Amino acid sequence: MIRNRMEQLSIYKIRFLKFRQSHTLYVLYLTAVAALQFIAIAFFTKGFLLSRNVLDDINELKPSMYAANSSNNGFVHQQKFEKTVILVIDALRFDFVIPVNTNNSAYNSNHHNKITTLYDQFCKESVGKKQNNSLLLKFLADPPTTTLQRLKGLTTGSLPTFIDAGSNFDGTVIEEDNLIKQMYLNNKEVFFVGDDTWDALFSPFLSNHSIPYESLNVWDLDTVDNGVISYFNDNLIRSEEYKKKNSQWNVLIGHMLGVDHVGHKYGPNHFTMKEKQLQVNNFINDIINVIDDDTLLVIMGDHGMDHTGNHGGDSIDELESTLFLYSKRQNVWKLEDDHSVYNIDDLGSNYKSINQIDLVPTLALLLDIPIPFNNLGWPIKEIAVNELEQQFFSNITLDQLKKYQETNGLFPTGSDKYRMLENLFNTSKENYELSKEYQAYLLMLCKDLWANFEFPSIAIGIIFLFLSLIILITTTKLIPSIVVSQMVPIFVPLIIMMIFVSHLCLFSLFYVFQPPAFIEERFWCSLLATAIGITLACFSQIFERYSLKWLIFRFFGELSDYWSRVGSVFIILHAVIFTSNSFTIWEDRIISFFIATIGLFTMYEFIFVPNRESTSALLSGVLIAKERDSKKIRNFEEEVYSDCLPLTKIQRALGIYHSLILICCTRISSFITICREEQGDFCTPTFSTSSNYSINTIGILFVLMIVVPFCIQGYYNLTSSFQGSAPIWINLFLRLVLFGVFCLWGLNTVENYLNEPILEINMFKISLARSLAGVSLIALNFGWIFGPLCVNLGITRTKENSKENSATILGVKNIYGSQYFLLVLNIFMAVMIFSKPLAQISLYLMLNQILSVIEIIDMFKLKENIIGPVILNLIAYQHFFTTGHQATIPAVQWDAGFILSETISFPLTHIAIFLNTFGPQVLASVAIALFTLWKQPPLVLKPQTMLGRIVSNCGCLLIYNTVLCLSTFIWVTHFRRHLMVWKIFCPRFIFASLSLIVTQIIVILITIAFASGRLIRQINSFFWEF
Amino acid sequence: MPVKKRTNAIKKKSVTFSDDTTVTQNEHNKKDKDSEHPPVSVKKTIFTIPIHLLGLLYCYIFVSESFDTLKLLCGLIPTQILYVILQFNRNTVYGNKRLKVNVLLIFIAVFAALGVSLPIMLGIILFGAPLIDKSKETLLLALHASFLAYPAIYSVFNCNFKVGTWKKYFIFIILGGWISCIVIPLDWDREWQAWPIPVVIGSYIGAFFGYSTGSYFL
């Protein structure tokens, strides 16, 4: 007997170790597939996201030297101003500085008619008194309208490409020729104060006296501006040295961020904007008063802002900014004879505008420094006071452009474009008035060209992603999971070996032959070899065991039942969305529509289920029921079959209720939207600062905070699993954390109504947020590792008034699911901390939807069907949109980054922005295992089988995301010359890639590697069953 | 005593049975199971083709100015009633006999259709229609949908509430409306893209196919 026991124990130990081993191998194998997908994404991104060829040449020809060298009818050029003051006011939209009629429908008292100095100067002095000493123009930025790109454009005169948009957090010194560098090379001392992006870009060229300020903390409205103002006071306004004309600086640059930050934090319609603009107005007045005759004052905005106060895209509100040139000297400009071009009607929509890059040659000519080599701009017409000067400016810019065109070799001699350029150049030489056409054409060509795609990389990206899709489908859906678990031990070493072999082959091949351009770098070559290795290893293993014919046959077999077809139809429909810009724009509504449709399908199924026997799982239930009837099995055996019985009436009613919950929650949450700019009048944004911090929202949050734990309790009670650690977790931890989150955002609301921020509140907020994040991300997950079982011993009297008691373990039926869901709750709490109030409402609804979907899927016995992951992913996507996001760059909620810390610090800021943006996806990726685990009684499935089923469901989720990613790859390539590509398709492709990456990482690391393995091990050792 | 008990038991059983499969049971003859629930079907003839729907659609799209949905509804209700009397009911076979037109039921069904339109409107809103603004248009669409289903509603009343036989007609109308939603988000800037015009047209087409070919499906 004892020996027998020992044997059992050793068998148990061996099985336990075996499970651990195969679990690890599973994770490694999935990591390899994930690596393949990441490489595919990397290659595609490298090929598609544009990069510009930057030339390092420096122009050394000063305009005065040019004038002396050339035979310009004896024209002498010299610098017009000794000193220059440049004031950049971030996000100074053009309609902020011109008088707006109060009857105009767009008029807003908080941001219109507040900065009046500029137009007053221009209108009264320059135009009215014909002093011609100031010039106000509309300043058109090139997209993307982010500060880093604009500064690059403003100083180099070139067009920064899209890929630069991502490096806003990582600005590095500009190597290419630019204005600041030229000032430095020509011995001009440049003093700078303000936005530290300048410091990152130009630090070697700026004076040591410069003071950069932190720029990305959008919650801080005043530090930068006060710094700029006091610096200007010291060096200009109240400086004795300046009055005596012996100040140290030649160029004084200030960059104010207040207006931009108010826009980001409160939007342009908030009263804070008014105060900020009045402050700016006074400051400008002060500067204008003290400027002397030899100083040029340049005031400009780098971009505008949209109606929400954000920027980054290319809507007209974001592009239109202001340029103001001023001098005390009279007749330094020659305004257009026809003053009607300076037309301020209708928010200045017909006002004369110039390109932002035109400032570069303008300033270079005024200060007599060489025009930066890569410049594509054209000097502003008004700065030339007579025809001779006009001609000179044209000639020098034309020569610079020509030289740039020749050097960069973008248009090879003999091509049509080259000939066209030559023609235009020759005509310009003959008649200088036509020379702007040459510049305009060159600029247009360059804009086109910096859409320079690398097709081999794009093709490799698409091909490998497609191959990874096939691998995912075959190994998670087609091949039975038992076979896969047998294959995995061979897979992993084979993959490593094949990676080595393909590295060897590829590198030796390219040692002999010249590698193609796109993999010239070792790094990319090695990535390609890795991808080839993984693909070969997987396919060789698959085809060693199965024939292609069998796989195809199995594929269609897999799609033979009703729900699989429904699921795959919705995957395809979702992928088809990206074929049109209209559908992509309206993706948020379309996804809600899809979820409502699926909800209708499940409801139909619950109502009419007796008349329909096509659902295979239910059919088997019916068969077993018939069998049982015929055999007349006695009562106690019925328990065993109870899971396979056809749905009872109560269950059907419950199912209808769950379907309704799914549909209604979808509809309610879809009221929350931030609206893409393209949705226009058909969408009213509800996710705004004012609605987020309104009393109603906070009130709803308060109610939900109390109600939702009861809802979760209700779902637990369905299987009487509200036992053991569940009450502690849900009633204590969840409620506490949710209350903390409520306080955190309540404080934010209070702060929103205060005129000036109170430092103590801010400190308290950050420490509260940190402790909440610590509890939900670290402490609770650590606690979860110890295995909070949700079971309890229930003792009931068998007969009334008797002393016999019977004991049952309550909650056994859902022992896996109830425990796993506690982990989902941990993640949920973490996501909640970083979500704004309206987004929190959406997430509460999402939690209910997830639970309802799991119940529905469980009732239909569709635990391994593709439909479950499909609904879950649709829900995740829907809540991405209803938490105030859109697949556009300006919709990223950067301000969430400052919840955990006041300054940008790794990893606090990054975790916050990540969980804010991808919260729903993370939640869905973790919850996916619940399809298998929810209501899974112990001792029925082997641990291996259970793990296999979880992997299979995770595989479905990945397949869905891969299909979407592949679809965006293909369509963004197809639409690469489309008008909307950078605005609609490209952000969507970036979003799809990021979603796939996030899903992969979370699914592999958390769902499979961490949670499922540990849970199965714990519960099965609890029952001594392996 | 035992006899009485037995009959009670049988009665109880029959009640639960009918509750399980149909929504309500009719009052007359319960004795024979076959005569109680004779097979209901629609004849497979070309006479069930609802030509009036095509005519109405033609008027709606080409004749009426700026897609007058209300006027279309005024045209739809009488023509649907006529369609039931002249075409649909004549080709409905209940057991072995043709059914006569029940005038009272015609009116009841009209009110039923009016009543059904409210849940339909709720459903449309759940599918994403705006909640408050454009609620008039949404209600009109719901009325259209319910009166397109009018023949089916009438037949449900007329044939012992056998929902199972008639639900395919509802499905066709919903399907037509569902598919027509495709054109709503497109940026073609056509006047017929305004809510609810595409869905009205779609459900008409769905209803046309449904009533023409419904008899060929299960």
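The crossing of helices α31(A) and α32(A) is right-handed in this predicted model. Helix α31 spans residues 815-833 of chain A and helix α32 residues 837-859 of chain A, and the two pack with their axes 10 Å apart at an angle of about 165 degrees. Because angles over 145 degrees count as roughly antiparallel, α31(A) is described as roughly antiparallel to α32(A). On the α31(A) side, the meeting residues are A:Phe828, A:Val831 and A:Met832, and their counterparts in α32(A) are A:Gln840, A:Leu843 and A:Leu847. Sorted by class, this contact holds five nonpolar residues and one polar residue, with no charged residues.

Turning to the wider layout of chain A, the domain assignment gives domain 1 at residues 76-383 and domain 2 at residues 689-835. The centres of these two domains of chain A, taken over C-alpha atoms, are separated by 50 Å.

Chain A also touches chain B. Twelve residues of chain A and eight residues of chain B take part in the contact. The chain B side consists of five nonpolar, two polar and one charged residue.

A word on confidence is helpful when reading these features. The average pLDDT of chain A is 86, and 92% of the residues score at least 70. Within chain A, helix α33 (residues 867-882) has the highest confidence, with a mean of 96, whereas helix α25 (residues 635-641) has the lowest, with a mean of 41. Residues 164-171 of chain A fall below a pLDDT of 50, and this stretch has 13 contacts in the model beyond near neighbours in sequence. Residues 611-617 of chain A likewise stay under 50, with twelve contacts beyond four places in sequence.

Note on methods: Residues are numbered from 1 along each chain as its sequence is written. Chains are lettered from A and ligands numbered from 1 in the order in which they are written. This is a predicted model: local features need pLDDT of at least 70, side-chain atom pairs count only at pLDDT 80 or more; totals for chains, interfaces and linings use all residues. Two residues are in contact if their C-beta atoms, placed from the backbone, lie within 7 Å. Ala, Val, Leu, Ile, Met, Phe, Trp, Tyr, Cys and Pro count as nonpolar, Asp, Glu, Lys and Arg as charged, and the others, Gly among them, as polar. pLDDT is the predictor's confidence in each residue, from 0 to 100. Helices (H or I, at least four residues) and strands (E, at least two) are DSSP runs, numbered from the N terminus. Domain bounds come from an automatic or database domain assignment. Axes are lines fitted to C-alpha atoms, for helices over the stretch in contact, and angles run from 0 to 180 degrees between N-to-C directions. Angles under 35 degrees count as roughly parallel, over 145 as roughly antiparallel, 65 to 115 as roughly perpendicular and the rest as oblique. A crossing is left-handed if the near helix is turned anticlockwise from the far one by less than a right angle, and right-handed if clockwise.
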